[in-house]
There are 2 protein chains.
Amino acid sequence: MFLPDAVDFGQRKMEMCARYGLTGLYPLDNKIDLAADDVSLSIFKGNVGMMNEAVAVIANLTPFRGPSADAGTAFELGYMAGRGKLCLGYSNDGSIYVDRVRRAGEVRTGNAGLVDAQGLTVEDFGLSDNLMLVHTLDLYKCPLVKPRLPPLDLWYDLTAFEACVRAAAERLYRTRAKS
Amino acid sequence: MFLPDAVDFGQRKMEMCARYGLTGLYPLDNKIDLAADDVSLSIFKGNVGMMNEAVAVIANLTPFRGPSADAGTAFELGYMAGRGKLCLGYSNDGSIYVDRVRRAGEVRTGNAGLVDAQGLTVEDFGLSDNLMLVHTLDLYKCPLVKPRLPPLDLWYDLTAFEACVRAAAERLYRTRAKS
């Protein structure tokens, strides 16, 4: 997720998948010519191709530049859900959405429930993030994986990711055994 | 989008759709019992049902509590793209993503391009938001609709929304005429 050493880190994630018998697909696998004019379109097409090929997604929903998950990751989780793929996700921040909005600024009680400084309502369901993301994962009986304790490194800790890999492997092998 | 008067505003949006011969589906159409224990799950199921029923989405990608679009809306755009539906979107903020990240804090040039104060890379493609969102709309030959001038009201201005409704109507009538 936008790490300066994303290629190396993606390699570590794929190695972890391999230890559970899974083949990880990681966006930067795509060899993109970063000097080309249409580099963002090439990355987009590569990502869509990988999503179409994949049987499952493990989305990193750690809050990114705000109280919610990265919008690109949220899009990708939605895309995979729309295609009926197995959806798993984790966040290395175990806090509740409304508490993060509170931390970022004023939250008060308006006529329609909690509102922020702009007067926009704040989802207050005790969930970790927007209900569409959280409940999508619930559908697969593998709720959002969160750390019991805050990890020392929000971006590099792979404990929650590994729990998702294990859960994905269990589900995918069970499906294969059935078919 | 999390407006305190979302029901009334949704009504206005649906009326605008009707003027172009389209039937708008708006999440709060779903009559949800807000006192129930599983209210967030009911909203989720209602939204998914509406997305499955709809033939197109018009996503409000105006930056929300940070430099990017609302994660729930991004998820829904992804879901609709995953199902091969017509995807349109608008933002009432015409600025470029990297400029919004700059406005929110430090952005410097690292070894892997621009990075923020946490050392995470900043997408720098001259796009309005994450490339997955923006290029999804480009696929449908209706790029993200943005205001030429900042609207007086970021949340209630419907000019860009109306442009999307018109584009959706044109495309959907063309499809019907062909079939």
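Modeller: Before we start, one term: helices (H or I, at least four residues) and strands (E, at least two) are DSSP runs, numbered from the N terminus. With those names, A:Arg65 can be placed in the loop between β1 (56-60) and α3 of chain A. Keep in mind that this is a predicted model.

Biologist: Fine. What mean pLDDT does chain A have?

Modeller: The general idea is that where pLDDT is low, the predicted coordinates should not be read in detail. In this case the mean pLDDT of chain A is 93, and 98% of its residues reach 70 or more. The model as a whole scores ipTM 0.95 and pTM 0.96.

Biologist: Now the fold. How many helices and strands does chain A have?

Modeller: Six helices and four strands. Reading from the N terminus, the order in chain A is α-α-β-α-β-α-β-β-α-α. The chain has a radius of gyration of 18 Å, close to the 16 Å that the globule rule gives for 179 residues, so chain A is as compact as a globular protein of that length. Along the principal axes, its C-alpha atoms fill a box of roughly 50 × 45 × 35 Å.

Biologist: And inside the chain, what share of the residues counts as buried?

Modeller: For chain A it's 35% of the 179 residues. You can also look at sequence separation: among contacts in chain A with a separation of 6 or more, 59% join residues 24 or more positions apart.

Biologist: Which domains is chain A divided into?

Modeller: Domain 1 covers 6-93 + 129-178, and domain 2 covers 96-127. Their centres, taken over C-alpha atoms, are 27 Å apart. Where they touch, six residues come from domain 1 of chain A and seven from domain 2 of chain A. On the domain 1 side, that makes four nonpolar residues, one polar and one charged.

Biologist: Back to A:Arg65. What is its phi?

Modeller: A:Arg65 has a positive phi, about 50°, although it is not a glycine. A:Lys141 is another such case, with a positive phi of about 55°. That lysine is in the loop between α5 and α6 (159-178) of chain A.

Biologist: Is A:Arg65 buried or exposed?

Modeller: You count C-beta neighbours within 10 Å: 20 or more means buried, 12 or fewer means exposed. A:Arg65 counts as buried because it has 21 of them inside 10 Å. A:Lys141 has 8, so that residue counts as exposed.

Biologist: There are two chains here. What turn lays chain A on chain B?

Modeller: In general, two copies of a chain are related by a rotation about an axis and a shift along it. Here a turn of 180° with a shift of 0.0 Å along the axis lays chain A on chain B, with an RMSD of 0.0 Å. The two copies are therefore related as by a two-fold rotation axis. The same surface serves both copies, since 100% of the contact residues of chain A recur in chain B.

Biologist: How many residues are in contact between the chains?

Modeller: 42 residues of chain A are in contact with 42 residues of chain B. On the chain A side, the elements giving two or more residues are α2 (39-53), α3 (71-82) and α5 (131-139). The most come from α3(A), with eleven residues.

Biologist: And what classes of residue make up that side of chain A?

Modeller: The side of chain A that touches chain B has 25 nonpolar, 13 polar and four charged residues.

Terms used: Residues numbered from 1 in each chain as written. Chains lettered and ligands numbered in written order. Predicted model: local features only at pLDDT ≥ 70, side-chain atom pairs only at ≥ 80, totals over all residues. Least-squares fit on C-alpha atoms with pLDDT ≥ 70 in both. Contact = placed C-beta atoms within 7 Å. Domains from an automatic or database assignment. Nonpolar A, V, L, I, M, F, W, Y, C, P; charged D, E, K, R; others polar. pLDDT = per-residue confidence, 0-100. Rg over C-alpha atoms; globule rule 2.2 N^0.38 Å.
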